[in-house]
Amino acid sequence: MMSDGLFATIELGSADRAGYRLHHLEVLNWGTFDGQVWRLDLAGDTTLLTGDIGSGKSTLVDAVTTLLMPANRIAYNKAAGADAKERTLRSYVEGHYKSERSETSGKSRAKGLRQDGRTYSVIVGVFVNDGYGETVTLAQVFQQREHAGQPYRFFVTVTKELTIADDFIDFGSALPDLRKRLRAAGADLFDDFPKYATSLRRLLGIRSEQALELFHQTVSMKSVGNLNEFVRDHMLEP
């Protein structure tokens, strides 16, 4: 019997490791994780991510959140208690790491590791359902082509494991070549988040958009001022 709650109930052959769990996360040119593939292996287990201030903990958490939520709904770096405007999707794609003040104008400008408009960024998350032996990969590809505004990006879902090294590198001279390669590998590509979100919810068995909203709130939660308001706003349908 299917539940009417936020998440679907799936009958599994084994009660162990039921449902999809994040197996590993890979990033390329995301924030200050620059120039090579960086990988976080979770193997579906509960994981404690520790490190010094500025070591990239929130950057990786925000990568996971970006895979599951539209950019306009994400409070980047909220888990670290940062100001809402401290980080944006553009700052992650361009790799902002400091601000410099112009001696002539007196204005501050962000300095990034990648501001030439030619590099691209990738996030890949692989989710595994051990109960069924099934795998789903979610991915997003970004490129900051203009000096202002949001980066260009497209979205990827596929029912097998992809890796950045095997599937998102050495594809040709431009991102359309990468899109062709991914389609040839059986992936579905989307140019807008709503269609991508529909695909990821179907593949992961998530019946409600509000489930993703609740996930985002719990990931980015620094403190809860009023528990009643939190439940009403994020756990109950309007």
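**Exercise 1. Which residue of β5 stands opposite Arg 21? Place the pair in its sheet.**

Solution.
- Arg 21 stands opposite Val 128 in β5.
- This is a predicted model: local features need pLDDT of at least 70, side-chain atom pairs count only at pLDDT 80 or more, and totals for chains, interfaces and linings use all residues. Residues are numbered from 1 along each chain as its sequence is written, and side-chain values use heavy atoms, with hydrogens and water left out.
- Strands (E, at least two residues) and helices (H or I, at least four) are DSSP runs, numbered from the N terminus. Two strands pair if DSSP finds at least two bridges between them.
- Strand β1 (residues 21–30) pairs with β5 over seven bridges, in the antiparallel sense.
- β5 also pairs with strand β6 (residues 134–143), antiparallel, over nine bridges. Here Val 122 has Val 141 as its bridge partner.
- Four residues separate β5 and β6, which form a hairpin. In the turn, Gly 133 has a positive phi of about 65°.

**Exercise 2. Is strand β5 enclosed by the rest of the structure or exposed? Check each face.**

Solution.
- Buried means under 20% relative accessible area, exposed over 50%, partly exposed in between (1.4 Å probe, protein chains only).
- In a regular strand the side chains alternate between the two faces of the sheet.
- On one side of β5, Ser 121, Ile 123, Gly 125, Phe 127 and Asn 129 are all buried. On the other, Val 122, Val 124, Val 126 and Val 128 are buried too.
- Nine of the nine residues of β5 (residues 121–129) are buried, so the strand is largely enclosed by the rest of the structure.

**Exercise 3. What are the centre distance and plane angle of the rings of Trp 30 and Phe 142? Classify the pair, then do likewise for Phe 155 and Phe 193.**

Solution.
- Rings of Phe, Tyr and Trp (its six-membered ring) pair if their centres lie within 6.5 Å; planes under 30 degrees apart count as stacked, over 60 as edge-to-face and the rest as tilted.
- The whole structure holds nine aromatic pairs.
- For Trp 30 and Phe 142, the centres are 5.7 Å apart and the planes at 35°, so this pair is tilted.
- Trp 30 lies in β1 and Phe 142 in β6, so the pair ties together parts 112 residues apart in sequence.
- Trp 30 has 0% relative accessibility and counts as buried. Phe 142, at 0%, is also buried.
- For Phe 155 and Phe 193, the centres are 5.8 Å apart and the planes at 80°, so this pair is edge-to-face.
- Phe 155 lies in strand β7 (residues 152–158) and Phe 193 in helix α5 (residues 193–204), so the parts tied together are 38 residues apart in sequence. Both rings belong to buried residues.
- One aromatic cluster is formed by Trp 30, Tyr 76, Tyr 92 and Phe 142.

**Exercise 4. How many residues has the largest nonpolar core? Trace its sources.**

Solution.
- A nonpolar core is a set of buried Ala, Val, Leu, Ile, Met, Phe, Trp, Tyr and Cys residues joined through side-chain atoms within 4.5 Å.
- The largest has 34 residues. Trp 30, Ile 123, Leu 138 and Tyr 196 have the most contacts inside it.
- Elements that each supply at least two residues of this core include β1, β5, β6 and α5.
- The largest share, six residues, comes from α5.
- Another core, of 20 residues, lies apart from this one; Val 122, Val 126, Val 156 and Ala 187 are among its members.
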